[in-house]
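Me: I should like to go through the salt bridges of this structure and the reasons for each classification. Please set every value against its criterion.

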Amino acid sequence: MKCFLVLFLAALATPGLSAAEKLYQPGKIVDVQLKKTTRVLYYQVDTPITKDEPYYEVSVRVKDTIYVGDYSPRHSADTLPEEWNVPQAEVRLRLEKHYMFLLRPAGAELQFVIAKRIGAAAAQNPEPSSQKK
């Protein structure tokens, strides 16, 4: 009976161990852009009072797909790691359905919201737009 209990507990613990492991895959940063978005703080007599907030748009190539992700820093002075500003910088990342997590050189993750998924072949060879005559 004790042997059965030990085997049962081991079987329950085994799936939890594999789920806790984070799988990272290699990728290359294709493009990094600093952009700004305007946020309404409040209205004063029907006039919006706004503030420009910076965010980063980072494109990462993984195999045959380019993922474009948005990252909003906590503070406007926060920047991305300098290693990522080099063209074709190697990076390790983890993908989920709506997020990609880039591994910083120090080991911490940076969460990006995936805005677009582009086939790498389509990004390199854009089709000419059809012209109407």
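The exchange below concerns salt bridges in this predicted model.

Me: Why is the pair of Glu57 and Lys35 called a salt bridge?

Reply: The closest N and O atoms of Glu57 and Lys35 are 3.3 Å apart. The criterion asks for a Lys or Arg side-chain nitrogen within 4 Å of an Asp or Glu carboxyl oxygen, so the pair qualifies. Glu57 lies in strand β2 (residues 47–62) and Lys35 in strand β1 (residues 25–44), so the salt bridge ties together parts 22 residues apart in sequence.

Me: What makes Glu57 buried?

Reply: Glu57 has a relative accessible area of 16%. Buried means under 20%, so the term applies to Glu57. Its partner Lys35, with 28%, is partly exposed.

Me: How do you know that Glu53 and Arg39 form a salt bridge?

Reply: Their closest N and O atoms are 2.7 Å apart, and the limit is within 4 Å, so the pair counts. Glu53 is in strand β2 and Arg39 in strand β1, 14 residues apart. Glu53 is partly exposed at 24% relative accessibility, and Arg39 is partly exposed at 40%.

Me: Why is Arg94 called buried, and Glu96 partly exposed?

Reply: Arg94 has 13% relative accessibility, which falls under 20%, and is therefore buried. Glu96 has 38%, in between 20% and 50%, and is therefore partly exposed. The two residues form a salt bridge, with closest N and O atoms 2.8 Å apart.

Me: Which residues are linked in a network of salt bridges?

Reply: Arg94, Glu96 and Glu109 are linked in this way. The count by this rule is five salt bridges.

Methods:
Residues numbered from 1 in each chain as written. Predicted model: local features only at pLDDT ≥ 70, side-chain atom pairs only at ≥ 80, totals over all residues. Heavy atoms only, no water. Helix = DSSP H or I, 4+ residues; strand = E, 2+ residues; numbered from the N terminus. Buried < 20%, exposed > 50% of the residue type's maximum accessible area, 1.4 Å probe, protein only.
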